[in-house]
Every structure is written in structure tokens, then in C-alpha cells.
Amino acid sequence: MNVAVIGKGGREHAIVKMLANSKSVNNIYAIPGNAGMREICEVMYRVNEDDFDAIAGICIEKQVDWVVIGDAGPLSLGLADFLIDEYGLTVFGPRKKEARMETSKSFTKNLLKKYNIPTADFKVFESYDEAKKYIESAVPPYVIKKDGLSEGKGVVIVENTEEGLKALEQLAVLSDEDDVMEPLLIEEYLQGEEFSLMVMVNEDYTHTFEVIAQDHKSAFGRGEGPNTGGMGAYAPVTHISEAVRLEAIEKIIRPTAEAMVKEGLSYFGVLYLGAMITDDGVKVLEYNARFGDPEAQVLLSMIESDFACILEKVQRKEPLSIEWKDGYTVGVMLATEGYPYEYKRGIGIAFTDEIMDRSFISGLAQTEEGDYISSGGRIMLVTGTGKTIEEALKAAYSSVEEIQFDKKEIFYRTDIGHRALISK
């Protein structure tokens with residue numbers, strides 16, 4: 001088969017690597033792809049993810065059998081709808097209506113509330129003044145979230161009223177009408193341990209990954225700094241029990257799939273569950289309509305099974321068993337100074353082919369001379385593997401130390417996997 005992968009980040013790099021190892025895959029086309037994919041597939045770097053006609057043209061010309069949409073942006077714009085309805089292509093990735101599970105937090109929270117699926121209490125505000133009044137009287141801590149896509153940066157944990165008012169000013173997007181803004185959610189602050197589960201979904205059919213990953217959202221060590229799209233991840237999370245995973249499946253994942261069907265949604269793709277273990281049981285923090293990043297890079301690299309075969313079994317709603325590699329995988333994200341608020345393009349970074357083989361590119365470009373330079377806030381996820389978490393951590397950080405870069409311009413967290421070490 002021929003496969004097109006839509007996206008340009010580390011998540012899509014991981015998907016391309018998996019498909020390249022599939023026996024049934026002949027050709028892979030990355031649209032637009034990135035510098036890390038050039039050696040393993042054909043990269044269409046001049047085509048934007050929102051250029052639907054150009055994407056369709058490539059798929060028809062290259063006789064593409066499957067389209068895998070990795071990024072939330074084109075999903076939110078309806079790329080799946082366009083390719084399915086206009087050209088009859090097979091697309092792994094939800095339609096625009098179904099992608100609201102990620103693109104509208106208020107939609108998802110209301111769905112969870114309607115079907116009594118455990119999540120934090122919340123209120124939705126579309127009036128700036130009403131939100132401000134609520135914050136002035138609310139008792140911290142609580143969480144303020146943008147309703148729509150924000151690349152992991154639209155969430156603020158509020159510790160006092162001053163922080164709440166500042167977050168409101170920072171996150172509010174006002175319309176031309178007086179006092180009207182795009183929806184903001186103010187949520188109960190949940191305490192506990194966070195974890196991620198990836199679920200393959202085809203309407204009422206679900207297959208939840210057997211391995212749990214844990215992301216590291218804050219920019220700096222152990223909860224310090226602003227929320228990001230993810231500064232690292234590791235798997236498996238062995239200190240979170242199988243009983244917790246099964247609880248999430250029975251009380252959250254399956255009820256969510258059933259609720260979507262009851263609401264007339266026909267979901268086909270990955271549903272990413274971000275969950276919290278609380279004193280009252282497992283609760284939903286968020287859903288994404290695609291693989292998590294950087295969790296996908298870690299989890300997909302741990303799969304032994306043929307990825308194309310997995311997709312086909314999900315499409316046919318067949319029983320699925322995924323084989324996983326033994327041991328641990330750790331991923332450490334390198335980011336440009338100023339991320340997540342801003343970033344510099346053109347920062348030089350150098351590494352060997354061996355490091356590239358163990359990495360997933362998020363925001364790198366190449367000069368005409370072939371040198372790598374930054375093109376995004378997050379640059380690359382460097383991974384390490386081992387029989388133990390300690391071995392995997394040592395391998396990942398040893399690889400980071402081999403990379404040449406200016407530490408004043410590029411940073412990374414030094415505590416990825418700390419919860420795994422603490423739990424021992």
C-alpha cells in the first residue's frame with residue numbers, strides 16, 4: 001500500500017518510522033514532513049497542511065491507499081471530510097465534527113457531564129466581565145483553559161486571585177462585540193498523578209494501548225514554568241497499576257465511545273486520553289483527537305507489531321493484540337530559549353546520524369549546506385532505551401550530551417522520569 005502522512009512534527013516522524021517498517025507499505029509521502037523524514041520517505045515540504053487541493057492531488061497522483069492525519073490543525077479544518085467526501089480516500093483521523101473532542105473543550109466537557117463520565121467540575125464563560133467577577137470571588141487553586149486548540153499552552157493553574165486575573169487577560173480572545181470573548185473554561189483543580197492512554201477508535205470499537213506513558217508538561221523541572229506542548233515522556237509507567245488502566249477503560253474510554261455514538265458521531269482515529277488519578281478515582285483531564293506528542297514518539301517506537309496491520313484491523317473492527325518491546329523508553333525534548341512564549345529560528349545544532357536514528361524531529365530545518373537549524377520552539381526529542389528506567393534515562397541523557405548546541409539558546413529538562421525513580 002501507499003500511505004500519506006499529514007504533519008511536520010515529531011509525532012508524524014514517529015508515524016513515518018513505524019510505517020517504514022511495515023511489510024505491506026510500499027511508499028510513504030510526508031506532507032509537508034520535516035528534515036528528519038527525508039531519508040525514510042518522500043517529503044512534500046512545499047505543500048502546506050491547509051492546502052487541501054494540493055494534498056488531494058498528491059494522494060491521487062501517487063495512488064495513496066491510506067491517509068494518516070497526525071496534526072490537530074488540519075483535522076480542525078476538516079481535511080478528513082474533504083478527502084473522504086470529495087475523493088473517497090481512506091483517512092485515519094476524525095472528521096471535523098468528531099475532532100471537536102479536542103478542538104472544543106466545552107463540547108467535550110458537556111458530553112462527559114451528560115453521560116456522567118468522571119471529570120473535573122467546570123464552568124464555561126463567554127463574557128469577559130462574568131469571568132472576571134467569578135475569578136474575583138473564586139477560591140484557588142483552579143484551572144483556566146482556552147476552549148480551542150492551543151498546542152498545550154492554553155492552560156494556567158491559578159494559585160491566587162492576582163494570577164487568575166492575569167491568566168484571564170492572557171488567555172481571553174475578545175470579539176468585536178462588547179464583553180464577548182471566545183469561550184474560556186474555569187475548572188476544578190484536580191490533585192493526583194497524571195498519565196496518558198492512547199486509544200484506537202472506530203465508532204463503538206476501541207483498543208486501548210496496553211502501555212501507559214507519562215508526559216512532562218511544564219517547561220522546567222518538577223512543575224516549574226509555564227505549560228508546554230510537552231518537554232519529555234517515558235514508558236511504561238510501571239508504578240501506575242494495571243487496575244488503574246482497566247478502570248480508565250471501563251469508566252471513561254468505553255463510556256466515551258458509546259456516548260459519541262449516541263450523539264451521532266462516527267469517530268475513526270486515535271483518541272488520546274489525558275487522565276488524573278485522584279482520591280475519587282480516575283478522571284478525565286482532556287481528550288485529543290490524535291496521538292500525543294511527545295508520548296507518540298516514545299510509545300510507537302516500543303511497538304513490535306506491524307503498524308499498517310494495526311490500522312487495517314481497527315478499520316475492520318477486528319480483535320487486536322499489540323506486541324510491545326521489553327524494557328523502557330525515555331524521550332528528552334530540546335527547545336529554544338523562550339519557548340513556549342516565543343522562539344528563535346536559525347539556531348545551529350549538530351549531531352551524528354546515530355543520534356538522528358534515536359531522535360524525532362519537531363522543529364528543525366536544513367540549510368543549503370546541510371546544517372541543521374531551529375525552525376520551531378521544540379526542536380527534537382532524543383530517546384534512550386534500556387532494560388530498566390535507569391538505563392533508559394542514562395542512554396537518553398548521554399545522547400543529549402553528544403549533541404552540539406549553545407546552552408544559552410537551547411534548553412531541556414533534566415528530570416524526565418523522576419516520578420518513576422521516586423516510586424521505586
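**Domains, helix packing and loop geometry**

Colleague: Pro141 lies in the loop between helix 7 (128-137) and strand 7 (142-146). Is the peptide bond from Pro140 to Pro141 cis or trans?

Modeller: The model is predicted, and the assignment is made from the omega angle of the bond that leads from Pro140 into Pro141. That omega is near 0°, and the peptide bond is accordingly cis.

Colleague: Where is Pro236 found, and what is omega for the bond that joins Ala235 and Pro236?

Modeller: Pro236 is found in the loop between strand 13 (232-235) and helix 9 (242-262). The peptide bond joining Ala235 to Pro236 is cis, with an omega of about -5°.

Colleague: What is phi of Asn116, a residue other than glycine?

Modeller: Asn116 belongs to the loop between helix 6 (105-114) and strand 6 (122-127). Its phi is positive although the residue is not a glycine, and the value is near 55°.

Colleague: Is helix 2 oblique or roughly parallel to helix 4?

Modeller: Helix 2 (residues 52-61) and helix 4 (residues 79-87) pack with their axes 11 Å apart and at an angle of about 50°. Angles under 35 degrees would count as roughly parallel, and 65 to 115 as roughly perpendicular. Because the angle falls in neither range, the arrangement of helix 2 relative to helix 4 is oblique.

Colleague: What is the handedness of the crossing of helix 2 and helix 4, and which class, nonpolar, polar or charged, has eight residues in their contact?

Modeller: The crossing of helix 2 and helix 4 is right-handed. Helix 2 contributes Phe52, Asp53, Ile55, Ala56 and Ile60 to the contact, while helix 4 contributes Leu79, Phe82, Leu83 and Tyr87. Of the residues in this contact, one is charged and none is polar, and the class with eight is nonpolar.

Colleague: Is the aromatic pair of Trp66 and Phe268 stacked, tilted or edge-to-face, and how many residues apart are the two?

Modeller: The structure holds twelve aromatic pairs, among them that of Trp66 and Phe268, with 6.3 Å centre to centre and 50° between the planes. Planes under 30 degrees apart count as stacked and over 60 as edge-to-face, so the pair of Trp66 and Phe268 is tilted. The pair links distant parts of the chain, with Trp66 in strand 4 (residues 66-69) and Phe268 in strand 14 (residues 268-278), and the separation along the chain is 202 residues.

Colleague: What distance separates the centres of domain 2 and domain 4?

Modeller: The protein is divided into domain 1 (2-77), domain 2 (121-188), domain 3 (191-316) and domain 4 (328-423). Taken over C-alpha atoms, the distance between the centres of domain 2 and domain 4 is 33 Å.

How values were computed: Residues numbered from 1 in each chain as written. Predicted model: local features only at pLDDT ≥ 70, side-chain atom pairs only at ≥ 80, totals over all residues. Heavy atoms only, no water. Domains from an automatic or database assignment. Axes fitted to C-alpha atoms, helices over the stretch in contact; angles between N-to-C directions. Helix = DSSP H or I, 4+ residues; strand = E, 2+ residues; numbered from the N terminus. Parallel < 35°, antiparallel > 145°, perpendicular 65-115°, else oblique. Left-handed = near helix turned anticlockwise from the far one by under 90°. Contact = heavy atoms within 4.5 Å. Nonpolar A, V, L, I, M, F, W, Y, C, P; charged D, E, K, R; others polar. Phe/Tyr/Trp six-rings, centres within 6.5 Å; stacked < 30°, edge-to-face > 60°.
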